[in-house]
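Visitor: I'm new to looking at protein structures, and I'd like to zoom in on a single part. Could you pick one spot and walk me outward from there?

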Amino acid sequence: MSNGINFAFLDEYAKREIRRSLIKAICIPGYQVPYSSREMPMGRGFGTGGLQLTLALIGADDTLKVIDQGSDDSVNAVNLRKFIEMTCPGIATTTRLQEATLIQSRHRIPEQALRADQILVLQVPYPDALVIVEPSEDKRKIMHGEADYSRLLVKLYEDIVKFDEITISHRYPTRINGHYIIDPSPIPRYDVPKLHNSKALILFGAGREKKIYAVPPHCLAEPLAFDDVPFRIEDFSDSHGERRACKLCGSKTSFLDEFIDEQGVRVYQCSDSDYCEQQQECAHG
Amino acid sequence: MGYVAIKGGGRAIEGAADALELLRTRQAESASPLDTDTIEKQLYFLHSRILSEGGLYHPQLASLAIKQSLGDTLEASFALRAYRSTKPRLLETPVHDTRNMRLIRRISASFKDIPGGQMLGPTTDYALRLLRMELLNESPEQFQAIAKRLFAGLPERVVPDSFPKVLDSLRAEGLLPQVNQAAREQPFDITREPLIFPVPRSAALATMARGETGSLLAIAYSNMRGYGDVHPTVAELRVGYLPVMLPHPITGELTEVGEVLMTECEVVAMYQGDDTQSVPTFTLGYGACFGHNEVKAISMAILDRALQKGMQDGPENPSEDPEFVLLHVDGIDSMGFASHYKMPHYVTFQSDMDRLRTTQQKQEAGHE
């Protein structure tokens, strides 16, 4: 590459360190593996953790898909994809989920099921679900080790007492393989069940907080709840109790973005733009 | 319209880059671009700050970073830091002795007479902060004449090559603890290892050495004002050029490979009651960073002292808490995260609305 930059930007030592941390993360599902985390040429918080994972994993024969808020064309997804293309000559990129071998995403897990030969990399701003009850990392580490999640459960309980609802909207605490509770990144609750028993390897990279963790394939992933207060995903039903549909493809099962159109009318549209397009193609074809 | 705002991202990004480039060049024909040498020399303190916060001693690239970021300190340090990520660590320097610094300035607030003497050097400390209106229209001729005048008639050598350290004399008098040679740990490389608390002091020092000046100052200031009780005295503050030594690749002999401009500050704090030590002594705080950054070095020295106290007795104030200080002083981390809130958060906001509406509905139903 020009500027004398290595393939995939990072030097080989850095990539090797990330891959070693990755193996540890896969071996201990849900455990946050600390790693040194290099500075990337984009802002901490813009997906530098996910980016480092992608760069450590990608090879010239990979096909990459990058999404943000479900869309391949959002500014940050475009920015990351351009950077990866620039530093990884030879790779292919795609917007179609089925073609991708490596998918980097922020805030969404794609609508359609992932395959065993695909890897999903999620960008993580806060790697630790316990941070809402304990600010000290040192103390949180002990709590995780002892699987002491009582304060999280108390937080959920207090929510129910105060609001008659668990108020955690996204980043929903999820227990992996019966032990560690993870912050599954700011995916909506709608996406949390997709972590459970996934065919694909799901990786989490927190660049600023310098942590890597994983939900390996076919692994238990249980959102925190009570026996009598089950976990609930976002409700997209209208005032008559009818499930809202995407205004473009008509899907009644997808996660929807809500916005006000030019006429001032509230409309709903699939958040996963690739899924929405594929649905429309099917309808027309 | 909500959804469209995130479509067409590629074109928007290119347009934004052009708009920024226009900001940089909008003086058009009436101006010439900043050259990197001018930035290093005339924006000396800005340049120093970037060298230090960027965590890479590369004066020319620091200038370039300042130029392309239009002088934004956080952005410039960031660019330098990101460049550093592409470079492997090839060699380690041995521990360097700052007694060998070629000084441009050294002062002590603890003694009037220090071995080697006080040397004010270039400082704004006693300058009157009056705007120098004559510089508004400084001509190249006037500018060039100044250096000529200042150099005229100077004796060849006015300053000795090196100065003894103030701390040595305090140590000789038994006022400071002796250096524990056995406790000398292998320095912790924060660029290659994550911070897992508790961290060794070298990790804390390295983190602060490339920390953001304002962040270090704010937390150190909280300690100075009363959220803490370091009450430091500056034993010595020195600014100068430290020769960098590396083992020769063939002979292994230490060889000078260059020099780095740096600032070093040692503060002495009041002694503490310590059950394990029979003779009470003063305690020390240490700060050092690339470039000429005195406020940063002093802040760092105070925080080093505060953190050592916190590690020993448990933190009583934010400035004594290693996690609180070390995880919040990095400018690259904090500015990145603050900026990221400008990115779309449509999905999570949708989730938030779902929770709020559900809770509102339940409340309304409850009131009926």
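**One leucine and its surroundings**

Guide: Let's start at B:Leu303. If we skip its neighbours within four places in sequence, B:Leu303 is in contact with B:Met208, B:Leu216, B:Ile219, B:Ala220, B:Ser319 and B:Val325. Keep in mind as we go that this is a predicted model.

Now zoom out a little. B:Leu303 belongs to the largest nonpolar core, a set of 127 residues, and is listed with A:Leu120, A:Ile202 and A:Leu203 as having the most contacts inside that core. Helix 10 of chain B gives the most to this core, with 8 residues. As a rule of thumb, nonpolar side chains in soluble globular proteins tend to be buried together. There's also a second, separate core of 8 residues, and among its members are A:Phe236, A:Cys246, A:Phe255 and A:Cys270.

Back to helix 10 of chain B, which covers residues 294–313. Helix 10 lies across strand 2 (233–247), strand 3 and strand 4 of chain B, and runs at about 145° to strand 4. So what are those strands part of? In chain B, 4 strands make an open sheet, ordered 1-2-3-4, with antiparallel pairing. Strand 1 (102–107) and strand 4 (283–290) of chain B sit at the edges with a single partner strand each, so each has one side left without a neighbour in the sheet. From one strand to the next, the twist averages 25°.

Want to see one of those pairings up close? Strand 3 of chain B, residues 254–269, pairs with strand 4 of chain B in the antiparallel sense over 8 bridges. Pick out B:Val267 and you'll find that its bridge partner in strand 4 of chain B is B:Gly285.

Let's step back to chain B as a whole. Chain B has 13 helices and 4 strands, and 35% of its 368 residues count as buried. Its C-alpha trace spans about 80 × 65 × 55 Å along the principal axes. Take the contacts in chain B with a separation of 6 or more: 65% of them are between residues 24 or more positions apart.

Chain B is also divided into two parts: domain 1 (10–85) and domain 2 (98–336). Their centres, taken over C-alpha atoms, are 26 Å apart. Where they touch, domain 1 of chain B supplies 13 residues and domain 2 of chain B supplies 13 residues. On the domain 1 side, helix 3 (44–54) and helix 5 of chain B are the elements giving two or more residues. Helix 3 of chain B has the largest share there, 7 residues. Sorted by class, that side of domain 1 has 6 nonpolar, 4 polar and 3 charged residues.

Last stop: the meeting of the two chains. Here 43 residues of chain B are in contact with 55 residues of chain A. On the chain B side, helix 1 (9–25), helix 5 (73–85), helix 12 (331–340) and helix 13 (346–367) each supply at least two residues. Helix 13 of chain B gives the most, with 11 residues. The chain B side breaks down into 16 nonpolar, 15 polar and 12 charged residues.

How values were computed. Residues numbered from 1 in each chain as written. Chains lettered and ligands numbered in written order. Predicted model: local features only at pLDDT ≥ 70, side-chain atom pairs only at ≥ 80, totals over all residues. Contact = placed C-beta atoms within 7 Å. Nonpolar A, V, L, I, M, F, W, Y, C, P; charged D, E, K, R; others polar. Pairing = 2+ DSSP bridges. Axes fitted to C-alpha atoms, helices over the stretch in contact; angles between N-to-C directions. Domains from an automatic or database assignment. Core = buried A, V, L, I, M, F, W, Y, C linked by C-beta atoms within 7 Å. Buried ≥ 20, exposed ≤ 12 C-beta atoms within 10 Å, placed from the backbone.
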